[in-house]
Amino acid sequence: MKALTPLGTFIDVPECAESDTSSFRPEDLQEAVQFYRREGYVVIRGLLSPELCDAVRNGYRAEVLPSKTPILRQKNMRYERNRFDKDGFLVNPIFNVQDLESRRFGRFKNATLDVLTHPGVAALTAAVLGTPRTKVIQSMFFEAPAGTWAHQDSYYQDSGAGIGRCTAGWFALEDIDAGAGRFYVCPRSHKLMPLLRNAGELDFATGHHRYQHAVLEAIKRYDLPWHAPCLRKGDAIFWSSLTVHGSLGAERRGVSRTSLTAHYLPETDGMLQFHTRIRPQKLLPHNGMAVARLHDQDEWRNRAVRRVAASAPGTYAVVRKTAMRALFLAGKMRRAPAPVPVLPPDAVA
Ligand SMILES: O=C(O)CCC(=O)C(=O)O
Ligand SMILES: [Fe+2]
């Protein structure tokens, strides 16, 4: 089908896997890595079993769907209750599933962690980053189409040991309809365009809208291609923190895009946030892989923050914004801060 891009142009979105050729099986690791380094992304078919995908969805239905507990959300970093569209799909994606309170959301969280730390995922993320072991630094759960703006993940988070030493995965938990707001990448954008830095005019605190515009301008200027691959239940796509990507808007009613995404670093690298600071992260293992917990709701202190944030969302938003501005201001005032180098894509290994 044809789908509208954020530039107002139309692209072909393949309906089914058969019409989409460049994908790999989990056992074709070396070929997959070569493709990833060249194209900035790779699609892996049949990475997760249908049972594992169902375990996440069943956990969601049993624990999250009926819950009134405020949960941290990806779009605005606020603690909010669930919101649903006319079709009953969750419209406020969950941020950092690993931080959910085990007592309330244990099944959903465990199944999600089983996906994010799956041995096939561990092998693929380690291979593309050229490192023995990786860790999860962030995750999200989506159901309704999100229409996420085009971006490079590096702007939000990357590795403190070198920009580009970060990879991400999008895991399809159902067959994703061509009209359900497909995830897209701009192939080879990790090489075709420069990194847009989270600084100056484009900084997150005061220039996020300018950044969103600047990415679209770069897509036009460098004439970047678009690719919104078909992903069936259990398939995954991985991409570099330098690869431009986002998701399309809904083109059909009544279809969802139930999925998880996660971001990975080499296990020993620090997380670089907003190209500005190394953010210390508490790590807890799952299936032998380290998983960062930034707002762990199993800790009473973080539950207290959640209660305050959810009861006074306006005040919380102002405090967050002020803290963010102070962070960037402090960065500007520091004398000659040494920027983390951008690694050429082939030097990531
Ligand atoms: O699927 C989406 O809408 C966006 C996901 C994304 O950008 C990410 O996980 O980095
Ligand atoms: Fe992203």
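The paragraphs below lead through a predicted model, from its nonpolar core to the shell around its ligand and then to its strands.

A convenient place to begin is the interior. The largest nonpolar core has 80 residues, and those with the most contacts inside it are Val56, Ile237, Phe238 and Leu260. Helix 3, which covers residues 102-116, gives the most to this core, with six residues. As a general background, nonpolar side chains tend to be buried together in soluble globular proteins. Leucine 260 shows what such a position looks like in detail: once its neighbours within four places in sequence are left aside, leucine 260 is in contact with Val56, Thr112, Val115, Leu116, Ser139, Met140, Phe141, Phe171 and Leu173.

One of these contacts, Met140, also belongs to the surroundings of ligand 1. The ligand is surrounded by Met140, Phe142, Ala146, Thr148, Asp153, Ala168, Trp170, Phe183, His245, Ser247 and Thr261. Two or more residues of this shell come from each of strand 7 (134-142), strand 9 (167-172) and strand 12 (245-247). By character, the shell residues divide into six nonpolar, four polar and one charged.

Strand 7 leads onward from the ligand, since two bridges join strand 7 to strand 17 (residues 289-293), and these two strands run parallel. Within this pairing, valine 136 stands opposite valine 291 in strand 17. Strand 17 is also joined by five bridges to strand 16 (residues 282-286), but here the strands run antiparallel, and leucine 284 stands opposite valine 291. Valine 291 therefore has a partner in both pairings, valine 136 and leucine 284. The hairpin of strand 16 and strand 17 has two residues between the strands, and in this hairpin asparagine 287 takes a positive phi near 50°.

A separate topic is the open sheet formed by three strands in the order 8-14-15, with antiparallel pairing. Why is one side of strand 8 and of strand 15 left without a neighbour in the sheet? Strand 8 (157-159) and strand 15 (277-279) stand at the edges, and because each has a single partner strand, one side of each remains without a neighbour in the sheet. Neighbouring strands of this sheet are turned by 45° against each other on average, with direction ignored. Strand 14, made of residues 271-273, pairs with strand 15 in the antiparallel sense over three bridges, and glutamine 273 has arginine 277 in strand 15 as its bridge partner.

Definitions and conventions:
Residues are numbered from 1 along each chain as its sequence is written. Chains are lettered from A and ligands numbered from 1 in the order in which they are written. This is a predicted model: local features need pLDDT of at least 70, side-chain atom pairs count only at pLDDT 80 or more; totals for chains, interfaces and linings use all residues. Two strands pair if DSSP finds at least two bridges between them. Helices (H or I, at least four residues) and strands (E, at least two) are DSSP runs, numbered from the N terminus. Axes are lines fitted to C-alpha atoms, for helices over the stretch in contact, and angles run from 0 to 180 degrees between N-to-C directions. A residue is near a molecule or strand if its C-beta atom, placed from the backbone, lies within 6 Å of it. Ala, Val, Leu, Ile, Met, Phe, Trp, Tyr, Cys and Pro count as nonpolar, Asp, Glu, Lys and Arg as charged, and the others, Gly among them, as polar. A nonpolar core is a set of buried Ala, Val, Leu, Ile, Met, Phe, Trp, Tyr and Cys residues joined through C-beta atoms within 7 Å. A residue is buried if 20 or more other C-beta atoms lie within 10 Å of its own, exposed if 12 or fewer, and partly exposed in between; C-beta atoms are placed from the backbone. Two residues are in contact if their C-beta atoms, placed from the backbone, lie within 7 Å.
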